[in-house]
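Me: I should like a close look at one part of the model shown below, followed by an account of the other parts that deserve attention. Please keep the description to the geometry.

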Amino acid sequence: MPLLRLVVCCCVAIAGVSAQIPSPKDVLGFKPGTDGMLADYDQILAYHQKLAAAADRVTYEVVGKTTEGRDMVSVVISSPKNLARLDEIRAQQATLADPRRTTPKAIRTAVKTGKVVVLVNESIHSTEVGPAQAGMVTAHFLATTKDRKWIKVLDNVVVVLTPCHNPDGYATVVGWWNKWKDDKKTRGVGLPVLYHKYVGHDNNRDWFMLTQAETRVTVTEMHLKWKPQIVVDQHQMGSSGARMFVPPYTEPYEPFVHPLLRKQLEDLGRTVLNAMKKDGLKGVWCNRRFDAWTPARAFMHYHGGVRILTEVASARLADPIARQRPPRGDAGTKSTDNPAPWKGGRWGLDDIVRYTSRGALLAIKHGADNREKWLKNFAKIHQDFCDGKKGPAAYVIPRITNTAANQLCDLLTLGAVEVSRTTKEITVGGRKCPPGSLLIKNGQPYFGFASALLENSPYPVTRGANGRMNRPYDMTCHALPLLMDFDVVRATANEIPAEAKPVVAAKTLRAQPTTTRAKGRFGLDPNDEGSYIDVLTNLARGVGVKRVVEREGASYPLGAFIVESDEFQLRHATPVVLGSWLSPSGRGSRSGCKVETLKPRRIGVYWSWTASMDEGWTRFLFDGFGIPFTRIRPADVRAGNLSDKIDVLLFASVDRRSLVGGPRDRKLPEEYRGGLGDAGQQALKTFVESGGTMVTMNASSGLPMQLFDLPVSRGSSFGRGGRGRGRGGENRVRTSIPGSIMRARVDVKHSLGWGGNEMTPVFLREARPFEIRTSEGDATVQFPVRYATKDVVLGGYATGAEVLHGKAAVAIAKVKKGTVVMFAFSPQFRCQTWSTYRLLFNALLQ
Ligand SMILES: [Zn+2]
């Protein structure tokens, strides 16, 4: 008998366990939000998987891969009844999103029976660790709640939860935290590398250029697959002010964000704000600091949904902080935007988890409580764009390089914009547009996305409640015609051709172009970025390429590439039949055309211990196009003999002091420290003087100026969005250039400007033009790119930009046998500034 009883007990126990839905603590061994404890990415996935296995309201799906090959996951939470008909719900979303393909009756039915989809994204910024813990709490609550009110919520919404929006970075940050947390001296030390292979904190600045693997999964598998009405992006902010930000955003809103979305942001945001207050969660505020100007962070604002940003105050990663006093200023003062200011006290990971999870749940609840309104508005927004009343009948793009056109088509079609190419020459507004021009017609659901990117909307100056100007939160110009240097014309209905060839969307990451070989001699256009990409790649393979360096009397473009080897692999470039470059009258004489063989170009990218997003984007520029390069650590430079490894060394924007001295964080263990030091600087000198090329961008340009005692300096510092504090009279003006586009004049006869356009848009985020400390006649330094002498601002917000007038933007110096090229800006900023890629590629070829 005792034996039998024991068996029965075991059975009961086992049955009990299998029926029970695991809490995060059951799987992790600790409660999310416990001081010092962070679930790593594998544990987070394991939790959600176990939850999905045990709960009938949860499913788990791998939807893609990260840059480093980790799983990207969607956890879908809804009522079992809804989960059984997800395909149907998605079809209803599609019906609401494209009135052209359905009937008014079908739309009415979808509004009546459809569900609101709420996408919740956790921890895209990896040091913002709270939301990734909070996601488990939110999912567990929704999976287990017995509250009838919440069960009803799940009948009305489908929640798509991204447990962590940047898995690679999160794994890096948590691994680093765990590595040092038991050592008192190093606990909480800052990470000396980026928390993503390429882009670090910039990953949500990529939602219009769509270059990163994670962005593409987000767009295709989360946004476009589900078409969420509400997107909740869960972040953390600084630790000293309010405890949490929710929308509405401050002005300005980007003009192509539909007014209904603005209304809904206001309604939802204030509902959450007041509900948090009711729950006793103090310090939640809205309408401060974060604006809705750039589409780089708000894909859904152009795809029918709202982006609810929650920003919760940070602690010290997983350790708590204590603040004795309430926050100063606005954050500590009661107002309608801040109904219950926080009074100070302890603030830890548990608080972050509590606020974050509650914020998500309240947004979900708003979706359920207002289900029909959300769906009706969603349909109306798409209907308005399909009516085609806002904007021109079409945009036509007659001038763009082939390679930039591929990128543009890729990002527009991936953003669900319908693009086609004209088949015949057409005339738009008096301008002849050749066959193959890109055509984007109005009257499609996502025309607003195209408009936001193709129009150069002026950044409006707006003021907050205190009367002060709302400072731009991010870049203020995202006009692709300026960023990528192409022409766009606005067509009337009569000018649109009847026939055009649709461009098909590429879903995968930059569908690797196929490699082909062209036999015989051919040329490559120096105006097309693809020519440089292929030339640099082939040079790295040891395949020789020639370049036209003088063109007196000949019709070949200056800087044209001449390929004579059958080994040359074409991937991005379009070969040009040499004869086509010959002028009709000149009968193709090559007399006077001087051609030189290009030198080998083994590229090095300097990798300092100061984690630099600019360095990451530089690597992405090369990796994305398949151009080989080597990463060079400070110790590699200090060891000398650089010319054994590389021919050109490229420095991303890191200030000279950090380059020379290394990171300044005293907690950082010795192996992650150190800069160039004296030995490294000496080795660099030897490298350049014996024939090497050094290219520096933005802040790093201070290094060669000092190293080679060049008669040029970085000029006065004008902070990003701040005040210029120069010594000289003109520099006293208040200058603010917080991510704007300037007009520069390029000397196209100089080897740095070959293939370019005389007037080139240059993206600037900090105004720091070069100051020349010598007479213009000094032959040691040349200035092939200068800012325009008047009307320098082309796009975005800028004040005091006159300080740039006529100033040098690029300097190039011969130092014995070698060359130094210095940029006063980052020509590859976030891989968005195609207009200046050519200058960078030419610099690498010096
Ligand atoms: Zn963030």
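Where in the chain's secondary structure does Ala416 lie?

Reply: The model is a predicted one. Ala416 is found in the loop between helix H14 (402-414) and strand E14 (420-422). Its backbone has a positive phi of about 70 degrees, although the residue is not a glycine. Ala416 has a relative accessibility of 25% and therefore counts as partly exposed, the lower limit for that class being 20%.

Cys831 also has a positive phi, of about 50 degrees, without being a glycine. Cys831 belongs to the loop between strand E38 (818-823) and helix H23. With a relative accessible area of 2%, Cys831 is buried, whereas Ala416 is partly exposed. Helix H23, which spans residues 837-844, is mostly covered, eight of its eight residues being buried. Polar and charged side chains take part in this: Arg838 and Asn842 are among the buried residues of H23, as are Tyr837, Leu839, Leu840, Phe841, Ala843 and Leu844.

Further backbone features of interest are the cis peptide bonds. One joins Pro247 to Pro248, with omega near 10 degrees, and another joins Glu251 to Pro252, with omega near -5 degrees. Pro248 is in the loop between strand E6 and strand E7 (250-253), while Pro252 is located in E7. Strand E6 comprises residues 244-246, and Val246 is part of it. Val246 is buried because its relative accessibility is 1%. From Val246 to Ile426 the separation is 180 residues in sequence and 48 Å in space, taken between C-alpha atoms.

The zinc site comes next. What coordinates the zinc ion? Its donors are ND1 of His125, two OE entries from Glu128 and ND1 of His235, at 2.1 to 2.4 Å. The angles subtended by these four donor atoms run from 55 to 150 degrees, so the arrangement is irregular. A tetrahedral assignment would require all angles to lie between 85 and 135 degrees. For reference, the ideal angle for four tetrahedral donors is 109.5 degrees. Along the chain, the donor residues follow the spacing H-x2-E-x106-H. The two histidines link distant parts of the chain: His125 is in the loop between strand E3 (116-122) and helix H7 (130-144), and His235 is in strand E5 (residues 230-237), 110 residues apart. His125 is buried because its relative accessibility is 2%, and His235 likewise counts as buried, with a relative accessible area of 2%.

Ser126 shares the loop between E3 and H7. With a relative accessible area of 0%, Ser126 is buried. Its C-alpha atom is 4.6 Å from that of Tyr170, although 44 residues separate the two along the chain.

Two helix pairs can be described by their axes. For helix H11 (residues 259-278) and H12, the axes come within 10 Å and cross at roughly 130 degrees. H11 and H12 are therefore oblique to each other, and H11 passes H12 in a right-handed crossing. For helix H6 (residues 104-113) and helix H13 (residues 371-387), the axes come within 8 Å and cross at roughly 150 degrees. That angle is over 145 degrees, and H6 and H13 are therefore roughly antiparallel to each other. The crossing of H6 and H13 is right-handed as well.

Finally, there is the nonpolar packing. The largest nonpolar core has 228 residues, and those touching the most other members are Ile440, Leu480, Leu684, Tyr787 and Phe823. Helix H12 (residues 349-369) gives the most to this core, contributing nine residues. H12 is thus a partner of H11 in the oblique pair and also a contributor to the core. A second core, separate from the largest one, has 15 residues, including Val76, Leu86, Met222 and Trp226.

Notes: Residues are numbered from 1 along each chain as its sequence is written. This is a predicted model: local features need pLDDT of at least 70, side-chain atom pairs count only at pLDDT 80 or more; totals for chains, interfaces and linings use all residues. Side-chain values use heavy atoms; hydrogens and water are left out. Donors are N, O and S atoms within 2.8 Å of the metal (3.2 Å for Na, K and Ca); water is not among the atoms, so sites may look incomplete. Four donors count as tetrahedral if all angles lie between 85 and 135 degrees; four count as square planar and six as octahedral if opposite donors are over 155 degrees apart and all others between 65 and 115; anything else is irregular. Helices (H or I, at least four residues) and strands (E, at least two) are DSSP runs, numbered from the N terminus. Buried means under 20% relative accessible area, exposed over 50%, partly exposed in between (1.4 Å probe, protein chains only). A nonpolar core is a set of buried Ala, Val, Leu, Ile, Met, Phe, Trp, Tyr and Cys residues joined through side-chain atoms within 4.5 Å. Axes are lines fitted to C-alpha atoms, for helices over the stretch in contact, and angles run from 0 to 180 degrees between N-to-C directions. Angles under 35 degrees count as roughly parallel, over 145 as roughly antiparallel, 65 to 115 as roughly perpendicular and the rest as oblique. A crossing is left-handed if the near helix is turned anticlockwise from the far one by less than a right angle, and right-handed if clockwise.
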